[in-house]
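Dear colleague,

I am passing the structure below on to you, together with some notes on what was found in it. Please look through it first, and then read on.

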Amino acid sequence: MEKKSKRSVSLMMMMFLFFMVISADFQGCFSAASQTPIKGESSTPANDRLGSSVFFRVTGNVYPTGYYSVILNIGNPPKPFDFDIDTGSDLTWVQCDAPCKGCTKPRDKLYKPKNNLVPCSNSICQAVSTGENYHCDAPDDQCDYEIEYADLGSSIGVLLSDSFPLRLTNGTLLQPKMAFGCGYDQKHLGPHPPPDTAGILGLGRGKASILSQLRTLGITQNVVGHCFSRARGGFLFFGDHLFPSSGITWTPMIRSSSDTLYSSGPAELLFGGKPTGIKGLQLIFDSGSSYTYFNAQVYQSTLNLVRKDLAGKPLKDAPEEKELAVCWKTAKPIKSILDIKSYFKPLTISFMNAKNVQLQLAPEDYLIITKDGNVCLGILNGSEQHLGNFNAIGDIFMQDRVVIYDNEKQQIGWFPANCDRLPQS
């Protein structure tokens, strides 16, 4: 798979196929890595807490890192773990300090179980063990899970429950107990290594998601947002207090049979502001994918448009570039997107189920400048990644925007922002 690709398309993409499937208005600045140890549960009533949010710093980039990650504390006393941020999957899991296969972290960076198994009778166990995979011979049996990525990577482990120390933006300190996976057998079959993180933070729409669990506990609304910097880093938040009341472009979510992915559409693709004839696109917003994936037909049509528009311009194919599938070069190494931006036209995704709702993409939103000074297309052929006819909007399309997944109102929104600038308290 292509980079992230390092953990390319998110694990719930495969399930989707199976089931048909900020601005200055921000308040508070709390990093999970810097949270103080929690001495006890807050006495704040649950209904009052629902109006607050949780904020985290983010590290990483689309290239060359290939993913964005966040640190969350687990346990009491808390221990920090870094997670790949993934809105395309539900289950949060961390590498387990157990007889372990495919674990990339040293032993002191793994999670150590402590008699905190989630029984298989728990509803979250049923949520992560759907269909024929769910077996519960006795209510107190442990809950085993097995999840698979679209790139055929996988994680096998057991479901646990532990405290997740959180500092809300209203100052409240909490340590809610939530279910997560302790993975002891990870596999990755792609050509690139997986993200160098302790696990994956699943932020999808399903019951096992950390978001859903926080909502059930009455801590935050079922809303998540992220702002990924084009350079490096950004921020992540849970809850609905950390975005402005106006200036956001919203499009409705489409409920799929799996009810786990952030799907929208139908949409039309424009090139240089003009119709391309590509309509009816069903799209998935997936922070677990560095790049954007179009199905074979849409990908080829887009590539043809770009290539045709480059005719007569001082760019030549660069087949020697191995970072991505389609790359170009100039007589001298390209140092910045500004050197070649004028050669490429903007792309626009126009959502047809809402009036005047568009995701406008400048050349820097779909191109990558590699370390060798070539420019590559950050849109890949999803059909080569087992995605069939589905289209996944990855991190490259979401850079320097606050993207909000509002499960309360069933809508996805975005607005431009400088993601290098963190919210101030």
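A good place to begin is Phe-238, which touches Ser-53, Val-54, Phe-56, Leu-201, Leu-203, Ile-210, Leu-211, Leu-214, Thr-220, Val-223 and Val-224, where residues up to four places away in sequence are not counted and a contact means heavy atoms within 4.5 Å. Phe-238 is also one of the residues that touch the most other members of the largest nonpolar core, along with Leu-236, Phe-285, Phe-344 and Ile-349, and this core has 87 residues. A nonpolar core is here a set of buried Ala, Val, Leu, Ile, Met, Phe, Trp, Tyr and Cys residues joined through side-chain atoms within 4.5 Å, and buried means under 20% relative accessible area, exposed over 50%, and partly exposed in between, with a 1.4 Å probe and protein chains only. In soluble globular proteins, nonpolar side chains tend to be buried together.

Before the details, a word on how the model should be taken. This is a predicted model, in which local features need a pLDDT of at least 70 and side-chain atom pairs count only at pLDDT 80 or more, while totals for chains, interfaces and linings use all residues. Residues are numbered from 1 along each chain as its sequence is written, and side-chain values use heavy atoms, with hydrogens and water left out.

The pLDDT, which is the predictor's confidence in each residue on a scale from 0 to 100, averages 84 for the protein, and 83% of the residues score at least 70. Among the elements, helix α1 (residues 11-18) has the lowest mean pLDDT, at 39, and strand β22 (residues 375-377) has the highest, at 98. The pLDDT stays under 50 over residues 1-8, for which the model nevertheless has 59 contacts beyond four places in sequence. Over residues 10-49 the pLDDT is likewise below 50, and this stretch has 128 contacts in the model beyond near neighbours in sequence. Where pLDDT is low, the predicted coordinates should not be read in detail.

As for the overall make-up, the protein has 6 helices and 26 strands, these being DSSP runs numbered from the N terminus, with H or I over at least four residues for helices and E over at least two for strands. Of its 425 residues, 59% count as buried.

Three strands follow one another through hairpins. Strand β1 (residues 54-61) runs antiparallel to β2 and is joined to it by 4 bridges, with Asn-61 standing opposite Tyr-67 in β2. The hairpin of β1 and β2 has 5 residues between the strands, and Gly-66 in its turn has a positive phi of about 95°. Strand β2 is in turn joined by 6 bridges to strand β3 (residues 79-86), again running antiparallel, and here the hairpin has 4 residues between the strands, with Gly-75 in the turn at a positive phi of about 95°. Strand β2 (residues 67-74) is mostly covered, since 7 of its 8 residues are buried.

Elsewhere, an open sheet of 4 strands has the order β17-β18-β22-β21 with antiparallel pairing, where two strands pair if DSSP finds at least two bridges between them. Strands β17 (316-317) and β21 stand at the edges with a single partner strand each, so one side of each is left without a neighbour in the sheet. Within this sheet, 2 bridges join β18 to β22, and the bridge partner of Cys-327 in β22 is Cys-376.

The salt bridges, each a side-chain nitrogen of Lys or Arg within 4 Å of a carboxyl oxygen of Asp or Glu, come to 14. In one of them the side chains of Asp-400 and Arg-230 meet at 3.6 Å, N to O. Asp-400 lies in the loop between α6 (395-398) and β25 (401-406) and Arg-230 in the loop between β11 (223-228) and β12 (234-238), so the pair ties together parts that are 170 residues apart in sequence. These two residues belong, with Asp-365 and Arg-401, to a network of salt bridges. Another salt bridge joins Glu-364 and Lys-341 at 3.1 Å, N to O; Glu-364 is buried, with a relative accessible area of 18%, whereas Lys-341 is partly exposed at 30%.

With kind regards
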